[in-house]
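Me: I have a model open on my screen and would like to understand the labels people attach to it. Could you walk me through the reasoning behind each one?

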Amino acid sequence: MRRRAVDFRRPLRRKVRDLLWWALCCAVIILFLYILTKGNQIESITALSKRTYKNERIVEGLNMTEEMLNPNSVTRQVNDQISLAKAFVVIAKESKNLQFAWELSAQIRNSQILLSNAATRRSPLTTIESENAIHDMALLLYQSQQLHYDSATMLMRFKAKIQALEEQMNSVSEKSSKYGQIAAEEVPKSLYCLGVRLTTEWFKNHNIQNKLKDKRQVEMKLKDNNLYHFCIFSDNILATSVVVNSTAINSKNPDTIVFHLVTDEINYAAMKAWFAMNDFRGVTVEVQKFEDFTWLNASYAPVLKQLQDSEVQNYYFSGNSDNGRTPIKFRNPKYLSMLNHLRFYIPEVFPALKKVVFLDDDVVVQKDLSALFSIDLNGNVNGAVETCMETFHRYHKYLNYSHPLIRPHFDPDACGWAFGMNVFDLVQWRKKNVTGIYHYWQEKNIDRTLWKLGTLPPGLLTFYGLTEPLDPSWHVLGFGYTNVDPQLIERGAVLHFNGNSKPWLKIGIEKYKPLWEKYVEYSHPLLQQCNFH
């Protein structure tokens, strides 16, 4: 008998097999959902137990009891009142309400006694025994709110207090700056005494003058370009002496060193007397006064012209021209001193010299400086250490870049450099008429709109594009106002006490004074007579 085609057979067996597969899948899904539900319950129990354990640890760490955690606890209410009352005690004292502060303190003590008694008997406070204390404290806290001791009012008060303190701090800071500037400008009694005694000695003791005349044979040294020439412009005898002495002591060949000192007429005799009386290991020392420079007159030097201007004199010496708006440091008369500006006239002061090292009188030399004279300046005029490791020492910090003469001609991010130890090629200086460039900028700044302070800003303008960077170890700055890295001190050839805290002043930084004082001969009779110590 012939079989039926597949499509016409009964599908009973196939349906049974499909039903079995569906039943099995449903069972698997139900089992999976059951396991998942049980897992969540286990995690919830675990998390709850962890949270409970954590709360227990917190309670144990804060030394809290169940009584304190109870929202209906009388003990907790009393503790909350005490905490709030303590804050109001501080506020009341700030507001000068000492009577109310005392009342709050007394009530705090009463509440603390209640808590102490309850802790001693190891039973919680009852409503009956604490009712009076809670009532009395609540009255005082309400009274505090009536006295405007609430948070919002006190925040406003504290803001006003902070503002008043900031104004007071600014005032104190301004006074401190002013007094610090005055202290920096004063001449110590001992230094004044030394000048007077040396001047007296010069005119009284002809042997000193004769000793100086006997040294006329050294005049050839003053013009010998094979020697090492240094120049200092100063009216400070002791500071100049330290520069000369430290250079001589640390020099390999001190007899090849020539120091050219320029001072003013007031200190001229004293300066000559000191360097005639003392020997500095064979170093040649020349002393001049700038009043003898006949070429230095108001028709040639803009600085002298400014000194004769009544408005400029009023600005620097009286300080009344702008109602005190300009800080006192910008009004220091030394910034118009010719001794401060002679650095721009070095070729005229020393017409026979080709190269010279300029030193400020607030430096100490602790290495041999002869190698400075063999440095190739690559056709530049000024060899100086750059100070642009920080943003402050870029050109835009010294000059007024809103001025049309400054903005288009000078890069605001150009690197600044320092006066105090500079190598000057006087041949290139004369060739490029650097003094004429200085005169141009000095005349343009008659109204003080290009810069306000010192000789560095005009120096940056004058020597722009004419400065050769030197190794930083040649000139280390900051000993008169900040902390200096000990490694820099060790490597430094010239240490500069720039800033107000000069080492010969009482306001000098104590830890750096020994670097300077070791070159002062305190056993010298004149120094002892003038109480140098």
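Me: Which helix holds Q442, and why is Q442 called buried?

Reply: You'll find Q442 in helix α16, which spans residues 434-444. Keep in mind that this is a predicted model. The relative accessibility of Q442 is 4%, and buried means under 20%, so Q442 earns the label.

Me: What makes P302 or W451 a contact of Q442?

Reply: Contact means heavy atoms within 4.5 Å. With neighbours within four places in sequence left aside, Q442 is in contact with P302, V303, Q306, H341, W451 and P458.

Me: How much of the chain counts as buried?

Reply: Of the 533 residues, 42% do. The chain has an accessible surface of about 31400 Å², and carbon and sulfur atoms hold 55% of that. Its secondary structure comes to 20 helices and ten strands.

Me: On to charges. Why is the pair E129 and R121 called a salt bridge?

Reply: The closest N and O atoms of E129 and R121 are 2.4 Å apart. A salt bridge needs a side-chain nitrogen of Lys or Arg within 4 Å of a carboxyl oxygen of Asp or Glu, so this pair qualifies. As for exposure, E129 has a relative accessible area of 30% and R121 one of 39%. Partly exposed covers the range between 20% and 50%, so that is the term for both E129 and R121.

Me: What makes D292 partly exposed but K289 buried?

Reply: These two side chains meet in a salt bridge, at 3.2 Å from N to O. D292 has a relative accessible area of 45%, and exposed would need over 50%, so D292 is partly exposed. K289 comes to 12%, and the limit for buried is under 20%, so K289 counts as buried.

Me: Which residue forms a salt bridge with D362?

Reply: That is K502, with the closest N and O atoms 2.5 Å apart. D362 sits in the loop between β4 (355-359) and β5 (363-365), while K502 sits in the loop between β10 (494-496) and α19 (513-517), so the pair ties together parts that are 140 residues apart in sequence. Both count as buried, because D362 is at 7% relative accessibility and K502 is at 14%, with the cut-off at under 20%. A search of the whole structure finds five salt bridges.

Me: Why is F32 called exposed?

Reply: F32 belongs to helix α1, residues 12-61. Its relative accessible area is 53%, and exposed means over 50%, so F32 is exposed. Together, I29, F32, L33 and L36 make a nonpolar surface patch of about 410 Å².

Me: How many cavities of 30 Å³ or more are there?

Reply: The count comes to two. The second largest has a volume of about 40 Å³. Among the residues that line this second largest cavity are Y228, F230, T247, K367 and D368.

Me: What makes a residue part of that lining?

Reply: A lining residue has an atom within 4 Å of a cavity point. I257, L369 and S370 are also among those lining the second largest cavity.

How values were computed. Residues are numbered from 1 along each chain as its sequence is written. This is a predicted model: local features need pLDDT of at least 70, side-chain atom pairs count only at pLDDT 80 or more; totals for chains, interfaces and linings use all residues. Side-chain values use heavy atoms; hydrogens and water are left out. Buried means under 20% relative accessible area, exposed over 50%, partly exposed in between (1.4 Å probe, protein chains only). Helices (H or I, at least four residues) and strands (E, at least two) are DSSP runs, numbered from the N terminus. Patches are made of residues with over 30% relative accessible area and no salt bridge: like charges are joined within 9 Å, nonpolar side chains (Val, Leu, Ile, Met, Phe, Trp, Tyr) within 5 Å. Accessible areas come from the Shrake-Rupley method with a 1.4 Å probe; for residues, only the protein chains shown count as cover. On a 1 Å grid over the protein atoms alone, a cavity is a set of points where a 1.4 Å probe fits but cannot get out, and a pocket is an open set with protein on both sides within 12 Å along at least five of seven lines; lining residues have an atom within 4 Å of a point. Grid points are joined across faces, edges and corners, and a volume is the space filled by probe spheres set on the points.
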